[in-house]
Amino acid sequence: MSLAHETVEAGVRRLRMRNWRGTAVGYEVSAYLLDDVLVDTGFAHARAPMLEAVAALQPRGVIVTHWHEDHAGNVPALGAIGLPMLMHEACEAQLRAHPEIRLYRRVVWGRTPALSQSIEPFDASPLAVVAAPGHSADHIVVWDAERRILVSGDLFLGVKVRIAHDHESPRTLVDTLRRMAALEPRLLLDAHRGVVRDGAAQLRAKADWTEETIAAIEALAREGVAGGEIVKRLFEGESLVGWASGGEYSRAGFVRAVLQESKGHCQY
Ligand SMILES: [Zn+2]
């Protein structure tokens with residue numbers, strides 16, 4: 001397990017966390033510090049180095065982009081030392097409900113301990129917290145209008161991301177991507193891809209690609225092509241992470257998420 005600090009530019013730091021388990025399947029995650037506000041908390045296996053980093057950097061508060069365990073994994077630990085926090089109410093509800101997670105997620109990231117203490121909010125201004133649903137219903141992003149920096153959690157991840165959980169909403173994501181692109185961010189600070197320059201163009205490219213892919217999936221479904229066959233035809237079969245996750249985070253999951261919404265069984 002390691003946590004490395006990198007300066008992105010004046011007043012902006014990246015806290016980069018990885019462990020051998022995550023690195024083996026190509027994963028690492030970053031939290032970011034904008035002046036004295038920390039965005040995201042890393043995963044439970046990174047608790048000790050995250051607490052050390054917080055002791056050294058002394059943030060005045062924490063914003064949590066969404067409930068997934070690689071972002072909210074240390075919310076209980078940072079709450080316990082009295083750090084004020086902002087998160088979507090659905091995020092807080094999930095952390096209190098303490099849902100069971102799949103084995104591969106427990107192994108890579110660790111399971112977030114249940115949140116039991118109360119969370120004290122804080123005024124993050126001049127930073128703005130903006131609702132950004134799609135990847136998850138509780139997803140928020142942090143917008144620094146002065147520097148035109150968007151701390152984007154898992155909003156972006158890459159242009160052609162054809163992997164999803166069943167509960168994601170690809171159509172909602174397209175709307176969110178266009179809304180965030182309209183802010184014209186200069187930099188995206190992505191939790192997994194790191195620093196993405198030319199943020200607005202990247203968000204638009206992702207919105208376009210996702211929209212085209214949704215249309216292609218729907219066209220095949222209308223012809224009566226089954227989900228598994230759609231994965232083969234459009235995505236050349238399942239991904240490694242798709243197999244490793246037992247299908248939970250997969251190309252088949254992306255297709256299911258699109259088709260569930262087409263049928264009007266949308267959870268959002
Ligand atoms: Zn996530």
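A residue is called buried here if 20 or more other C-beta atoms lie within 10 Å of its own, exposed if 12 or fewer do, and partly exposed in between, with the C-beta atoms placed from the backbone. This is a predicted model, in which local features need pLDDT of at least 70 and side-chain atom pairs count only at pLDDT 80 or more, while totals for chains, interfaces and linings use all residues. Residues are numbered from 1 along each chain as its sequence is written. Helices (H or I, at least four residues) and strands (E, at least two) are DSSP runs, numbered from the N terminus.

With these terms in hand, we can begin at helix α4, residues 89-97, where Cys 91, Glu 92, Gln 94 and Leu 95 are buried. They lie on the same side of α4 because they cover an arc of only 160° around the axis, the arc being that of the directions from the helix axis to the C-beta atoms. On the other side of α4, Glu 89, Arg 96 and Ala 97 are exposed. The buried residues of α4 pack against α3, residues 75-80, where two residues are in contact if their C-beta atoms, placed from the backbone, lie within 7 Å. Just after α4 comes His 98, which takes a positive phi of about 55°.

We turn next to the strands. Strands of a sheet pair through backbone hydrogen bonds, either parallel or antiparallel, and two strands are said to pair if DSSP finds at least two bridges between them. An open sheet of 6 strands follows the order β1-β2-β3-β4-β5-β6, with mixed pairing. Its edge strands are β1 (2-9) and β6 (85-86), each of which pairs on one side only. Strand β5, residues 61-63, pairs with β6 in the parallel sense over 2 bridges, and Ile 63 stands opposite Leu 86 in β6.

Further along the chain, strand β8 (residues 140-144) is mostly covered, with 5 of its 5 residues buried. In a regular strand the side chains alternate between the two faces of the sheet. In β8, Ile 140, Val 142 and Asp 144 point one way and Val 141 and Trp 143 the other way, and all are buried. Strand β7 (residues 128-131) runs antiparallel to β8 and is joined to it by 4 bridges, with Trp 143 in β8 as the bridge partner of Ala 128. Strand β9 (residues 149-153) also pairs with β8 in the antiparallel sense, over 3 bridges, and here Asp 144 stands opposite Ile 149 in β9. β8 and β9 form a hairpin with 4 residues between them, and Arg 148 in the turn has a positive phi of about 55°.

Finally, we come to the packing of helices. Two packed helices are described by the angle between their axes and the distance between the axes. Axes are lines fitted to C-alpha atoms, for helices over the stretch in contact, and angles run from 0 to 180 degrees between N-to-C directions. The axes of helix α6 (residues 170-181) and helix α7 (residues 199-222) come within 9 Å and cross at roughly 155°. That angle makes α6 roughly antiparallel to α7, since angles under 35 degrees count as roughly parallel, over 145 as roughly antiparallel, 65 to 115 as roughly perpendicular and the rest as oblique. Among the residues that make the contact are Leu 173 and Leu 177 of α6 and Leu 203 and Ile 214 of α7. α7 and helix α8 (residues 227-235) pack at an angle of about 135°, with their axes 10 Å apart, which makes α7 oblique to α8.
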